[in-house]
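Student: I should like to take a close look at one part of this model, namely its largest nonpolar core. Which residues have the most contacts inside that core, and which elements give two or more residues to it?

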Amino acid sequence: MDSIKAPEFWPNDPELWFITLESQFLLNKPSPITNDDTKFSYLISLLPPSTAIEVREFIISPPPDNKYDALKKAIIKCTADSEFKRLQQLLTQEELGDRLPSQLLRHLRQLIGESKAVSDTTLKMLWMQRLPKNIQIILTRQEQASLNSLADLADRVTEITSSPSSSTSTLEKELTSLRAEISGLKIDLCFVLF
């Protein structure tokens with residue numbers, strides 16, 4: 001009996017999903033799944049309806065040979081963002097948010113994918129622009145460091161500056177305390193006036 005434990009389909013990263021699925025084919029007990037028809041059938045059974053509709057023609061009328069590979073290519077083509085869309089997202093939409101700098105860098109690299117349109121120098125510039133100014137200043141002093149080393153350093157700086165003992169945290173506590181005092185003064189003033 002087959003023991004495939006494939007994850008739900010990942011429309012945001014179909015290529016990575018296929019790698020995990022194909023790993024499951026190889027790990028299958030008692031023997032790996034290598035038959036094209038079996039892999040094709042598994043693939044169809046794992047697709048969400050919205051994706052199945054996109055590749056309907058390949059499901060209904062598959063080619064006589066290499067059905068699995070043909071369906072795989074069709075799924076990747078219809079679900080993967082175009083290079084233009086990924087580059088546009090890279091240039092205009094991605095921000096650090098609550099991610100670590102190294103997580104943002106990995107995500108930007110994922111958006112670039114196999115594209116040759118973005119050099120390492122450009123990626124470094126785009127990544128650094130999205131970091132807080134204090135981290136940018138520290139990183140610009142490390143001109144010879146690799147991008148991965150810079151990401152590690154940025155993570156460490158982020159951890160230090162976001163710790164509870166940082167000055168930002170102290171300022172927030174002071175502001176909260178001042179707000180409470182002002183609210184108390186407003187209440188006292190109301191009693192004095194009436």
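Tutor: A term of confidence comes first: pLDDT is the predictor's confidence in each residue, on a scale from 0 to 100. This is a predicted model, in which local features need pLDDT of at least 70 and side-chain atom pairs count only at pLDDT 80 or more, while totals for chains, interfaces and linings use all residues. Residues are numbered from 1 along each chain as its sequence is written, and side-chain values use heavy atoms, with hydrogens and water left out. The protein chain has an average pLDDT of 79, and 74% of the residues score at least 70. Confidence is highest in helix α2 (residues 36–46), at a mean of 92, and lowest in helix α11 (residues 167–193), at 61.

The setting of the core is as follows. The protein chain contains eleven helices and zero strands; helices (H or I, at least four residues) and strands (E, at least two) are DSSP runs, numbered from the N terminus. Of the 194 residues, 30% are buried, where buried means under 20% relative accessible area, exposed over 50% and partly exposed in between, with a 1.4 Å probe and protein chains only.

Now to the core itself. A nonpolar core is a set of buried Ala, Val, Leu, Ile, Met, Phe, Trp, Tyr and Cys residues joined through side-chain atoms within 4.5 Å. The largest one has 19 residues, and those with the most contacts inside it are Leu123, Trp127, Leu131 and Leu139. Two or more residues come from each of α7 (101–112), α8 (120–129), α9 (133–140) and α10 (147–161). Of these, α10 gives the most, with six residues.

Leu139 shows how such a residue is surrounded. A contact means heavy atoms within 4.5 Å. With neighbours within four places in sequence left aside, Leu139 is in contact with Trp127, Met128, Leu131, Leu150, Leu153 and Ala154. Apart from the largest core lies another, of 17 residues, among them Phe40, Leu47, Val55 and Tyr68.

Tyr68 also takes part in a contact between two helices, on the side of α5. The axes of α1 (residues 14–27) and α5 (residues 67–79) come within 10 Å and cross at roughly 155 degrees. Axes are lines fitted to C-alpha atoms, for helices over the stretch in contact, and angles run from 0 to 180 degrees between N-to-C directions.
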